[in-house]
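Dear colleague,

I am passing on the structure we spoke about, and below it you will find my notes on what turned up when I went through it. Please read them with the model open beside you.

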Amino acid sequence: NLAFSGFLKGGVNLDRQDYRNSQVVYTYEYVGASGNRLQSPRPLSPVRYNPQVGGNLFGDGILPVSDARLIALSPPSWLIPSATNLTDPNNLFPDQIVKETVKAAYVMGGIRPWKLALEGGVRAEATATEGRLYERSVAVRRGGKSDDLFGFLSGKYRLRKDLWLTAGYGESTLRPDLANLTGRATINDATLTGNIPNPSLQPEHASKTVARLEFYFEPAGTLSVGYFVNDL
């Protein structure tokens, strides 16, 4: 018996992602009641340890360490802000912001004539990014964009009732992590080097080719041999 069927469909999609990371770092020094950290040693508590893991193998297995709990319970005047709080880049430029907008459309279809089944389609994507960067202590906005077209095709053919041949080809992408698109630029004018976030980072692309021969046998089992190629 001959049978024929098919389908055709399409769609559009709009995706927006907003990334924001606000990170501040404040440290404090323990100065104790005297106001001088050199004259006020941090409170210690004995901790038992395993000599096989660390410490002095000939000791008694007890090691005095700083007691964070006692330090946290100290009067606020016993802790003073570190001078580095005023110059730490995390405190001067705390906000890392980037937004990504992806517009996409696709169309796909398939036909199933007799022993053969074919499906294929294309997907178009337009990606735009905009991020806030800090360059030489100045906040600037920079962006990037990329346009991609992906295709796929797959087929399945029944050689016998218990023997099938399948093959396919597809393309895909991996967009950059949003955290890599924003941040602070650190530039060393003496060595002419720098570490700069890049909102114009392009996505990674990949294609995959698959061919497989599948044999089904009773009562419930399968034996297959395949060929796979991934191109990144």
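With which residue does glutamate 125 form a salt bridge, and how far apart are the closest N and O atoms? The partner is arginine 175, and the closest N and O atoms of the two are 2.7 Å apart. This pair links distant parts of the chain, since glutamate 125 lies in strand β7 while arginine 175 lies in the loop between β9 (163-174) and β10 (183-184), 50 residues apart. Glutamate 125 has a relative accessibility of 9% and so counts as buried, the cut-off for that class being under 20%. Arginine 175, by contrast, counts as partly exposed because its relative accessibility is 30%. The two residues also belong to one network, in which salt bridges that share partners join Arg123, Glu125 and Arg175.

Before going further, please keep in mind that this is a predicted model, and that the values in this note are computed from it.

**Overall form**

The protein has two helices and 14 strands. Its radius of gyration is 31 Å, which is well over the 17 Å that the globule rule gives for 232 residues, so the protein is more spread out than a compact globule. Along the principal axes, the C-alpha trace spans about 95 × 55 × 35 Å. Of the 232 residues, 25% count as buried, and the accessible surface comes to about 16300 Å², with 58% of this area belonging to carbon and sulfur atoms. If we take the contacts with a separation of 6 or more, 60% of them are between residues that are 24 or more positions apart.

**Strand pairing around β9 and β13**

Several of the strands can be followed from one partner to the next. Strand β8 (residues 138-160) and β9 run antiparallel and are joined by eight bridges, and the two strands form a hairpin with two residues between them. Within this pairing, phenylalanine 152 stands opposite glycine 170 in β9.

β9 is also joined to β13, again in the antiparallel sense, by twelve bridges. Two of the bridge partners may help you to find your way here: leucine 163 has phenylalanine 215 as its partner in β13, and threonine 166 has arginine 212 as its partner in β13.

From β13 the pairing continues to strand β14 (residues 221-231), with eleven bridges in the antiparallel sense, and a hairpin of three residues joins the two strands. Phenylalanine 215, already mentioned as the partner of leucine 163, has leucine 223 as its bridge partner in β14.

**Further salt bridges**

The count of salt bridges in the model comes to nine. One of them brings together the side chains of lysine 99 and glutamate 130, at 3.6 Å from N to O. This pair, too, links distant parts of the chain, with lysine 99 in strand β6 (residues 95-111) and glutamate 130 in strand β7 (residues 116-135), 31 residues apart. Lysine 99 is partly exposed, its relative accessible area being 31%, and glutamate 130 counts as partly exposed as well, at 29% relative accessibility.

Another salt bridge is made by the side chains of glutamate 119 and arginine 112, where the distance from N to O is 3.5 Å. Glutamate 119 is partly exposed, with a relative accessible area of 25%, and arginine 112 also counts as partly exposed, at 45% relative accessibility.

**A nonpolar patch on the surface**

Which residues form the nonpolar patch on the surface? They are Trp114, Tyr157, Leu159, Leu165, Leu213 and Val225, and together they have about 550 Å² of accessible area. Leucine 213 is found in strand β13 (residues 204-217), the strand that pairs with β14 over eleven bridges. Because its relative accessibility is 32%, leucine 213 counts as partly exposed, and this value meets the requirement of over 30% relative accessible area for residues that make up a patch.

With best wishes

Methods:
Residues are numbered from 1 along each chain as its sequence is written. This is a predicted model: local features need pLDDT of at least 70, side-chain atom pairs count only at pLDDT 80 or more; totals for chains, interfaces and linings use all residues. Side-chain values use heavy atoms; hydrogens and water are left out. Patches are made of residues with over 30% relative accessible area and no salt bridge: like charges are joined within 9 Å, nonpolar side chains (Val, Leu, Ile, Met, Phe, Trp, Tyr) within 5 Å. Accessible areas come from the Shrake-Rupley method with a 1.4 Å probe; for residues, only the protein chains shown count as cover. A salt bridge is a side-chain nitrogen of Lys or Arg within 4 Å of a carboxyl oxygen of Asp or Glu. Helices (H or I, at least four residues) and strands (E, at least two) are DSSP runs, numbered from the N terminus. Buried means under 20% relative accessible area, exposed over 50%, partly exposed in between (1.4 Å probe, protein chains only). Two strands pair if DSSP finds at least two bridges between them. The radius of gyration is taken over C-alpha atoms; the globule rule is 2.2 Å times the number of residues to the power 0.38. Contact means heavy atoms within 4.5 Å.
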